[in-house]
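Here are my notes on the model you asked about, set out as numbered points. I hope they help as you look through it.

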Amino acid sequence: MKRILVAGFEGEDNSSKVLLDKMNCKYKLYLENDFDNSEKQLEKKLREKAYDEIIIFGSKPLVKSLYIELIGQKNNKKYFTKYDYEKLSKYLNLNGYKVNISKNAGNYLCNNIYFYGLELLNKKYQNIKLIFIHIPALKNIIDIDDMANVFSKYLNMNIKKTIMCIDKLENMM
């Protein structure tokens with residue numbers, strides 16, 4: 001069985017924290033809103049357990065759709081995700097969510113943890129796949145419970161079944 005770590009940033013009004021609270025998943029990590037501490041938290045989690053995938057959520061306040069981030073970058077160095085983001089994007093689209101594919105995770109905490117995570121995986125944990133997803137602020141999310149349910153179902157599906165379901169749904173539309 002796959003182990004998937006799901007993370008989001010702390011803060012009662014932070015949409016990534018609220019989403020994580022509502023999601024049904026076994027492995028959660030609430031990241032501190034601090035550059036160094038969030039890096040230490042992620043590294044500690046990776047030392048404690050062998051994960052297959054990591055999904056990190058962050059809030060992007062001025063948007064109304066989801067942004068799947070492909071690149072973490074810092075000081076002219078870039079790391080690209082190895083996560084199968086196209087399948088995730090299709091799944092989200094089929095469940096009514098508009099998804100943008102982005103190559104700019106920003107220049108603050110979100111990009112920092114994504115860059116650090118991708119760099120760490122590149123150096124020490126090459127078999128783990130990591131993706132970062134920006135979600136809207138709470139005021140721009142129509143139904144946070146539905147969003148949590150959709151992501152929870154995605155996490156809990158067997159990957160082969162997910163691919164089959166996505167293909168079947170596409171063929172039905």
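1. A term first, since the hairpin below depends on it: two strands pair if DSSP finds at least two bridges between them. Please also keep in mind that this is a predicted model. With that settled, strands β5 (residues 71-74) and β6 (residues 77-80) are paired antiparallel, with four bridges. They make a hairpin that has two residues between the strands. In its turn, Asn75 shows a positive phi of about 50 degrees.

2. Ile71 is a good residue to click on in this hairpin. It belongs to strand β5, and its partner across the pairing is Phe80 in β6. Is Ile71 buried or exposed? Its relative accessible area is 3%, so Ile71 counts as buried. Leaving out residues up to four places away in sequence, Ile71 touches Lys78, Tyr79 and Phe80, and also Ser102, Lys103, Ala105, Asn111 and Tyr114. By contrast, the C-alpha atoms of Ile71 and Ser38 are 18 Å apart, with their positions 33 residues apart along the chain.

3. Now the chain as a whole. It contains six helices and eight strands, and reading along the sequence gives the pattern β-α-β-α-β-β-β-β-α-β-α-β-α-α. The C-alpha trace spans about 45 × 35 × 30 Å along its principal axes. The radius of gyration is 15 Å; a compact globule of 173 residues would come near 16 Å, so the two agree.

4. On burial and contacts: 50% of the 173 residues count as buried. The chain exposes about 9500 Å², and 48% of that area comes from carbon and sulfur atoms. If we take contacts between residues at least 6 apart in sequence, 74% of them join residues at least 24 apart.

5. What is the strand order in the open sheet of six strands? It is β2-β1-β3-β8-β4-β7, and the pairing is mixed. The edges are β2 (27-31) and β7 (99-102), each of which pairs on one side only. Neighbouring strands in this sheet are turned by 25 degrees against each other on average, ignoring direction. As a general reminder, strands of a sheet pair through backbone hydrogen bonds, either parallel or antiparallel.

6. At the β2 edge, strand β1 (residues 4-9) runs parallel to β2, and five bridges join the two. Val6 stands opposite Lys28 in β2, if you would like a residue pair to find by eye.

7. Helix α4 (residues 109-123) is worth rotating into view. It lies across β1, β2, β3 (53-60), β4 (66-69) and β8 (129-136). Relative to β8, the helix runs at about 170 degrees.

8. Ser89 sits in helix α3 (residues 85-94). Its relative accessible area is 11%, so Ser89 counts as buried. Beyond its neighbours within four places in sequence, Ser89 is in contact with Ile68, Val99 and Ile101.

9. The salt bridges come to eight. One of them joins Lys17 and Glu12, whose closest N and O atoms are 3.6 Å apart. The two partners differ in exposure: Lys17 is buried, at 13% relative accessibility, whereas Glu12 is exposed, at 62%.

10. Another salt bridge brings together the side chains of Lys124 and Glu43, at 3.3 Å from N to O. This pair links distant parts of the chain, 81 residues apart: Lys124 is in the loop between α4 and β8, and Glu43 is in helix α2 (residues 35-48). Glu43 has a relative accessibility of 18%, and since the cut-off for buried is under 20%, Glu43 counts as buried.

11. Helix α2 also holds the pair Lys44 and Glu48. Their salt bridge has its closest N and O atoms 3.5 Å apart. Lys44 and Glu48 are four residues apart in the helix, so about one helical turn separates them. Lys44 is partly exposed, with a relative accessible area of 47%. Elsewhere, Glu12, Lys17 and Asp21 are joined into one network by salt bridges that share partners.

Methods
Residues are numbered from 1 along each chain as its sequence is written. This is a predicted model: local features need pLDDT of at least 70, side-chain atom pairs count only at pLDDT 80 or more; totals for chains, interfaces and linings use all residues. Side-chain values use heavy atoms; hydrogens and water are left out. Axes are lines fitted to C-alpha atoms, for helices over the stretch in contact, and angles run from 0 to 180 degrees between N-to-C directions. Contact means heavy atoms within 4.5 Å. Buried means under 20% relative accessible area, exposed over 50%, partly exposed in between (1.4 Å probe, protein chains only). A salt bridge is a side-chain nitrogen of Lys or Arg within 4 Å of a carboxyl oxygen of Asp or Glu. The radius of gyration is taken over C-alpha atoms; the globule rule is 2.2 Å times the number of residues to the power 0.38. Accessible areas come from the Shrake-Rupley method with a 1.4 Å probe; for residues, only the protein chains shown count as cover.
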